[in-house]
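Morning, everyone. Please bring the structure up on your screens and keep the sequence beside it. I'll take the parts in turn.

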Protein chains: 2
Amino acid sequence: MLFIDASFRHVHMKFEAVTIKDIAKALSLSASTVSRALRDSYEISAETKQMVLDCAEKLNYQPNPIAKSLRDRRSGSVGVVVCEIANSFFSQAINGIESIAYDRGYNVIISQSHESYEREVINLKYLASRSIDGLLISLSTETNDLSHFEYLNNKGLPMVFFDRIPDNIPTHRVTVDNYKGAYEATEQLIRSGYKRIATLTNSAYLSITNERIAGYKAALTYHGVAVQDQYIKHCFYGGMKFLEIEDALNKLLSLPQRPDAIFTTSDKLTSGCLKYLTKKGIRIPADIALAGFSNSEIAELLNPSLTVIRQPAFEMGKAAMALLMTIIESKHKITRFENIVLAPELIIRDSSRPKRIIDNTENISGFPV
Amino acid sequence: MLFIDASFRHVHMKFEAVTIKDIAKALSLSASTVSRALRDSYEISAETKQMVLDCAEKLNYQPNPIAKSLRDRRSGSVGVVVCEIANSFFSQAINGIESIAYDRGYNVIISQSHESYEREVINLKYLASRSIDGLLISLSTETNDLSHFEYLNNKGLPMVFFDRIPDNIPTHRVTVDNYKGAYEATEQLIRSGYKRIATLTNSAYLSITNERIAGYKAALTYHGVAVQDQYIKHCFYGGMKFLEIEDALNKLLSLPQRPDAIFTTSDKLTSGCLKYLTKKGIRIPADIALAGFSNSEIAELLNPSLTVIRQPAFEMGKAAMALLMTIIESKHKITRFENIVLAPELIIRDSSRPKRIIDNTENISGFPV
DNA sequence: TTGTATGCGTTATCAG
DNA sequence: CTGATAACGCATACAA
């Protein structure tokens, strides 16, 4: 059945919504009886229940979530703060978040910091003013001062940090094993014969940066390769501006001891690096090898020898949301912080080596507050 | 100032929110006076206003949006239905939508159909049950029956379709000039000397498919190239499953008259086609040329000779949301449907030709209901 | 200029 | 088993 023109005639004329009162009136019952019947309360007779249910069906009754929210003092929505949604990792994570949210009837309000501390604070204020029931956060790159989160936490707002978490602070958190991912990617480059391995990485403010660099350094050290500070380049805005990446790579590639491989520590940096090398006509891996964190399916296609660390973004979103909802719906006080660590997936695409995939098992642990 | 452990001690103990009543009590005023003062009503004396404002500030009063929604019978949120958010075009469009929404204090509830008609219907029900004030829709590929939209439209819910719109039905809509984009991309392939130009395209259910195919055919015809049906391959799920793309391309490439160029009509199809060709080791443009719709920055890097039609996704999101809010907030009846058409941007990257960019001016028109 | 009463839709408490 | 009442937080019509 297709639209007919007539159906679009009344463009702006709202019908009155059916309420409990309407059902009550129609059946000559009280609103409270109807309410109880709809909620399948034990104190209502079977016949009355059936009557009410039938009538609700007939009138197409839809409960008003706003009224329910007001009464219950819970909005049924959670806020999400990420840097960018137009980013494979985060859009996949949001998919995971929403998949859980829909199942449980929550709705998700997404906001983007665009890596700006100021925006993050504004968004947080906005979300708080929408009376959200909980918060999922991945920090912006500029964020150093956490008092805006502290404030909401003190007010009792349940929150879970994921991916980019605050350092050394006891909070609920969901992360991937960044150290391991970085270690293995670096190791893979070493195994392929590269020695002068540089890294293009994010702001040192971010937890993920330091963990990934630690993994990188550990792999080098373990394999007897000296760590060189000149090979470690930070992009404060994580490559949001391509110029950052250009500058960093220009510097790296003009070093007297030019690196023969680069390890990039994020989706954006990996893409950016590919873009740079492609633009300059630098071949991978003939001129320089590349391994990096990436959740973009297409990025890997750029070169068949690109080793990729893929984060289980969807799973992270699911885990973070599930945890948040457990906290929100918990009756008793939460006495410990959960710390969920997922394993990254290493995809080795160098044709000289077999493809290896690390399985993606969860490792859940917690420590007391 | 950094977190101190103590701040995270009370993990689940909500403070009471400050309400108008609290301010009233503190100042020995009535709630209505406070309410009016906060809304800067003319009937309140300057001194009282100042007192109230100061007190609100001191107590950190935040109005409760749920109570306001209940009273005003408007939720302040709009629903968005798209097929996928992990897709450059849609994530950019959502960015545009949110940029307007935040400015005006709306919040955006995003839902994904994953190209399933059933999911679209479920999501729509869910959104309706959240009492949204308006709806932005881009149809799923499976959608043929529009009665679920018709139903909400008849109830007076403001809605705007964007990108994938219902055919031949008067509604508010925001699109890009698909015909033009397809025409120019095809023409570019012809100019580069290709004659056997195939197209990999979406479901014929979608408006965008037919418009793009029309542009493709028109360009061929204008340049005296015969249109061949065997060169037109539909992917019903738009490449959601890679298998679809593989099948279609396998068939195309095994034709006796193997095509020498492919025109892909969507982001996903362009990426998928690149993936296929890369996997098979087929070189672009040495073995086969490629031009396609794409909003993924990185896709273009895959090959420097890839001509791309980029849609102004961010602008579309902005335009659609702005239009929707005009409708929602309009006092009088809307008597005509807006029809906003944006221009696509053609990026020619074949090194044998100069880069040309078609400017991105808007062309707004409407027709009476 | 300020206060009182009422209602938005729902449900919990208390009566009957 | 069912009904009346109050309350969630806010904003208006109506009184004073």
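**Two DNA strands, two chains**

Start at the DNA. This is a predicted model. By class, the surface near DNA strand D holds 10 nonpolar residues, 9 polar and 6 charged. In total, 25 residues surround that strand. The closest are Ser32(A) and Thr33(A) from one chain, with Thr19(B), Ser32(B) and Asn64(B) from the other.

Which elements supply that surface? In chain A, α2 (31-38) and α4 (65-72) each give at least two residues. In chain B, α2 (31-38) and α4 (65-72) each do so as well. Who gives the most to the surface near DNA strand D? That is α2(B), with 5 residues.

Now turn to DNA strand C. Here, too, 25 residues surround the strand. The closest are Ile20(A), Asn64(A), Ala67(A), Ser32(B) and Thr33(B). Two or more residues each come from α1 (20-27), α2 and α4 of chain A, and from α2 and α4 of chain B. The class split reads 10 nonpolar, 9 polar and 6 charged.

**Chain A overall**

Next, chain A as a whole. Its secondary structure comes to 12 helices and 13 strands. Of its 369 residues, 47% are buried. Take the contacts in chain A with a separation of 6 or more: 72% of them are between residues 24 or more positions apart.

One helix is worth a ruler. Helix α3 (residues 46-59) of chain A has 14 residues. At 1.5 Å a residue it should span 20 Å, and its end C-alpha atoms are 20 Å apart, so the two agree. Just after α3(A) comes Asn60(A), with a positive phi of about 60 degrees.

**Backbone exceptions**

Keep that phi in mind. Most residues other than glycine have a negative phi, and most peptide bonds are trans. So let me list a few exceptions.

Ser28(A) is not a glycine, yet its phi is positive, about 55 degrees. Look for Ser28(A) in the loop between α1 and α2 of chain A. Is Ser28(A) buried or exposed? Exposed: Ser28(A) has 6 other C-beta atoms within 10 Å.

Glu115(A) is not a glycine either, and its phi is positive at about 65 degrees. Glu115(A) sits in the loop between β2 (107-112) and α6 (117-129) of chain A. Its surroundings come out as buried, because Glu115(A) has 23 C-beta neighbours inside 10 Å and the cut-off for buried is 20 or more.

Then the peptide bonds. In chain A, Ile284(A) and Pro285(A) are joined by a cis peptide bond, with omega about 0 degrees. Pro285(A) is in the loop between α11 (267-280) and β9 (289-293) of chain A. Chain B has a cis bond between Ile284(B) and Pro285(B), where omega is about -5 degrees. Pro285(B) lies in the loop between α11 and β9 of chain B.

**The six-stranded sheet of chain B**

Stay in chain B. What is the strand order of its open sheet of 6 strands? Read it as β7-β6-β8-β9-β10-β12, with mixed pairing. At the edges are β7 (232-234) and β12 (345-347) of chain B, each paired on one side only. The twist averages 15 degrees from one strand to the next.

Two helices pack here. Helix α8 (residues 178-191) of chain B touches β6 (197-201), β8, β9, β10 (307-310) and β12 of chain B. The direction of α8 makes about 170 degrees with that of β9(B). Helix α11 (residues 267-280) of chain B lies across β6, β8 and β9 of chain B, at about 155 degrees to β9(B).

Now one pair inside the sheet. Strands β8 (residues 261-264) and β9 (residues 289-293) of chain B run parallel, joined by 4 bridges. Opposite Ile262(B) stands Leu290(B) in β9(B).

**A covered strand**

Last stop: strand β2 (residues 107-112) of chain B. How many of its 6 residues are buried? The count is 6 of 6. In a regular strand, side chains alternate between the two faces of the sheet. On one side of β2(B) are Asn107(B), Ile109(B) and Ser111(B); on the other are Val108(B), Ile110(B) and Gln112(B). Both faces are covered.

Its partner is β1 (residues 77-82) of chain B, paired with β2(B) in the parallel sense over 6 bridges. Within that pairing, Gly79(B) has Ile109(B) as its bridge partner.

Terms used
Residues are numbered from 1 along each chain as its sequence is written. Chains are lettered from A and ligands numbered from 1 in the order in which they are written. This is a predicted model: local features need pLDDT of at least 70, side-chain atom pairs count only at pLDDT 80 or more; totals for chains, interfaces and linings use all residues. A residue is near a molecule or strand if its C-beta atom, placed from the backbone, lies within 6 Å of it. Ala, Val, Leu, Ile, Met, Phe, Trp, Tyr, Cys and Pro count as nonpolar, Asp, Glu, Lys and Arg as charged, and the others, Gly among them, as polar. Two strands pair if DSSP finds at least two bridges between them. Axes are lines fitted to C-alpha atoms, for helices over the stretch in contact, and angles run from 0 to 180 degrees between N-to-C directions. Two residues are in contact if their C-beta atoms, placed from the backbone, lie within 7 Å. The expected span of a helix is 1.5 Å times one less than its number of residues. A residue is buried if 20 or more other C-beta atoms lie within 10 Å of its own, exposed if 12 or fewer, and partly exposed in between; C-beta atoms are placed from the backbone.
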